[in-house]
Amino acid sequence: MPTFCRHNHLVQNCPICAREQNIELRPVVSPGAARAGQSGSAAPRSRASTLGGSAPRTRASASRAGSRTGLTVRRLERGAEDGYRSPLAPGLKSGADAERLAEELAFAVTRLARLVADPPGLYAEVAVTGDSIEERTWLAFLIAYLGPLDGELPFAGIEQVRTLWSSGADPELDGAQTGPRTAHDVARGARTLQAYRTWAARAGSQAAAFTGESAWTPERRFARVFERLSLPGLDRGARFDLLTTLGRTGVYELSAGALHLGGSDPVTLGAKRVFGIGDPLLLERRAAELAAASELPLEAFDVGLYNWERGSRARLGMDPGDQPDAATLSSTLAALGLS
């Protein structure tokens with residue numbers, strides 16, 4: 001029976017695992033390449049192509065390719081390999097990377113705690129129980145969709161354009177300031193806002209749409225609403241942050257039982273680097289294992305992995321003085337074998 005490695009390749013075809021186990025690599029040749037070779041028209045293949053990869057490209061050629069396709073090439077900053085290994089984060093080979101992950105997870109826990117006990121800025125208006133639940137929900141949506149700014153006035157951009165739900169008017173987003181985690185696309189205009197209003201109208205109200213069935217558990221409600229909120233222009237990050245905000249500020253009974261990873265979302269990409277695998281189910285399992293070992297709420301991995309993958313900390317509405325919780329940082333470092 002064929003044996004697959006942790007990278008979802010046959011062991012004999014994986015450059016990493018084959019090297020670790022001293023297995024001779026077996027050339028990977030596609031049927032199309034074989035036919036080309038038989039015809040005598042194919043050029044000799046490079047060593048990189050026989051390993052299932054692509055031929056080396058110079059920086060200049062990569063730059064020209066990027067300009068032709070409109071893609072932006074981003075070089076990930078990784079810590080130097082220093083022999084670090086952890087079964088809870090098998091993708092990490094650097095103690096510096098592991099320490100930074102612990103710091104970002106601890107900061108994310110601090111943020112979650114503040115949303116519950118002392119919400120900053122516009123989050124406080126979302127948490128006020130005496131106000132209309134429709135207005136509170138709409139404000140939470142605008143915060144998640146536009147995103148708090150990095151700086152002294154994180155909510156300034158949202159305050160300049162916010163509207164009341166009861167007015168039926170969407171914010172004027174031309175020239176609006178958006179935060180680092182915004183889901184807003186200038187080319188899309190207000191279409192995502194309109195799709196959200198249509199989504200809420202089908203349920204009768206925002207409250208009905210987010211509540212769903214009264215018998216649902218908070219985890220079940222989070223998962224179902226997350227799935228139903230898959231609207232044009234409303235990406236994974238905005239949906240997850242919206243539901244987390246609404247749950248933590250007490251607007252609805254919502255609690256994440258999974259990270260809902262997938263696609264090219266920064267959190268998903270960060271999870272793949274940390275956990276050393278690409279399968280979404282295994283990523284969810286490994287995130288849950290690290291959360292349990294570190295005694296962290298799973299929701300913290302959303303912002304924690306986002307900031308870790310980004311390479312710098314987006315404060316996402318928190319005050320400049322908010323620092324990673326010391327006890328959480330200590331337990332996470334211990335779980336990662338760094339204490």
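Author: Helices are DSSP runs of H or I with at least four residues, strands are runs of E with at least two, and both are numbered from the N terminus. The model is predicted: local features need pLDDT of at least 70, side-chain atom pairs count only at pLDDT 80 or more, and totals for chains, interfaces and linings use all residues. Residues are numbered from 1 along each chain as its sequence is written, and side-chain values use heavy atoms, with hydrogens and water left out.

Reader: How many helices and strands are there in the chain?

Author: The chain has 16 helices and zero strands. Helix H16, for instance, spans residues 326-335 and contains Thr332.

Reader: Is Thr332 buried or exposed?

Author: A residue is buried under 20% relative accessible area, exposed over 50% and partly exposed in between (1.4 Å probe, protein chains only). Thr332 has a relative accessible area of 0% and is therefore buried. Of the 339 residues of the chain, 43% count as buried. As for the whole surface, Shrake-Rupley areas with a 1.4 Å probe give the chain about 17100 Å², of which 52% belongs to carbon and sulfur atoms.

Reader: Which residues does Thr332 touch?

Author: Contact means heavy atoms within 4.5 Å. Leaving aside residues up to four places away in sequence, Thr332 touches Ala102, Leu105, Ser294 and Leu296. A second threonine, Thr244, lies in helix H12 and is buried because its relative accessibility is 4%. With the same sequence neighbours left out, Thr244 touches Leu112, Phe222 and Glu299. Over the chain, residues 24 or more positions apart account for 63% of the contacts with a separation of 6 or more.

Reader: Which residues of helix H11 are buried?

Author: In H11 (residues 218-228) the buried residues are Arg221, Phe222, Val225 and Phe226. Seen down the helix axis, these residues fall within an arc of 125°, so they line one face of H11; the arc is that of the directions from the axis to the C-beta atoms. The buried residues of H11 pack against helix H9 (191-203), helix H10 (206-211) and helix H12 (236-248).

Reader: How many salt bridges does the count come to?

Author: A salt bridge is a side-chain nitrogen of Lys or Arg within 4 Å of a carboxyl oxygen of Asp or Glu. The count by this rule is 13. One of the salt bridges joins Glu104 to Arg313, with the closest N and O atoms 3.0 Å apart. Glu104 belongs to helix H5 (residues 95-117) and Arg313 to the loop between helix H15 (300-310) and H16, so the pair ties together parts that are 209 residues apart in sequence. Glu104 is buried at 6% relative accessibility, whereas Arg313 is partly exposed at 22%.

Reader: Where do Asp170 and Arg197 lie?

Author: The side chains of Asp170 and Arg197 meet in a salt bridge, at 2.9 Å from N to O. Asp170 is in the loop between helix H8 (156-161) and H9, and Arg197 is in helix H9, so parts that are 27 residues apart in sequence are tied together by the pair. Asp170 is partly exposed, with a relative accessible area of 23%, and Arg197 is buried, with 16%.

A further salt bridge brings the side chains of Arg181 and Asp302 together at 2.8 Å, N to O. Arg181 lies in the loop between H8 and H9 and Asp302 in helix H15, so this pair ties together parts that are 121 residues apart in sequence. Both Arg181 and Asp302 are buried. Salt bridges with shared partners also join Arg114, Asp118, Asp319 and Asp322 into one network.

Reader: What describes a pair of aromatic rings?

Author: The distance of the centres and the angle of the planes describe such a pair. Rings of Phe, Tyr and Trp (its six-membered ring) pair if their centres lie within 6.5 Å; planes under 30 degrees apart count as stacked, over 60 as edge-to-face and the rest as tilted. The count by this rule is eleven aromatic pairs. The rings of Phe141 and Tyr145 have centres 5.8 Å apart and planes at 5°, so the pair is stacked. Both residues lie in helix H7 (residues 133-146), four residues apart, about one turn of the helix. Phe141 and Tyr145 are both buried. Ring pairs link Trp138, Phe141, Tyr145, Trp165, Tyr196, Trp199, Phe210 and Tyr252 into a cluster.

Reader: Which rings have the charged end of Arg197 or Arg239 over them?

Author: A charge sits over a ring if NZ of Lys or CZ of Arg is within 6 Å of the ring centre and within 35 degrees of the ring normal. The charged end of Arg197 sits over the ring of Trp138, 4.8 Å from its centre. For Arg239, the ring is that of Phe226, with the charged end 4.2 Å from its centre.
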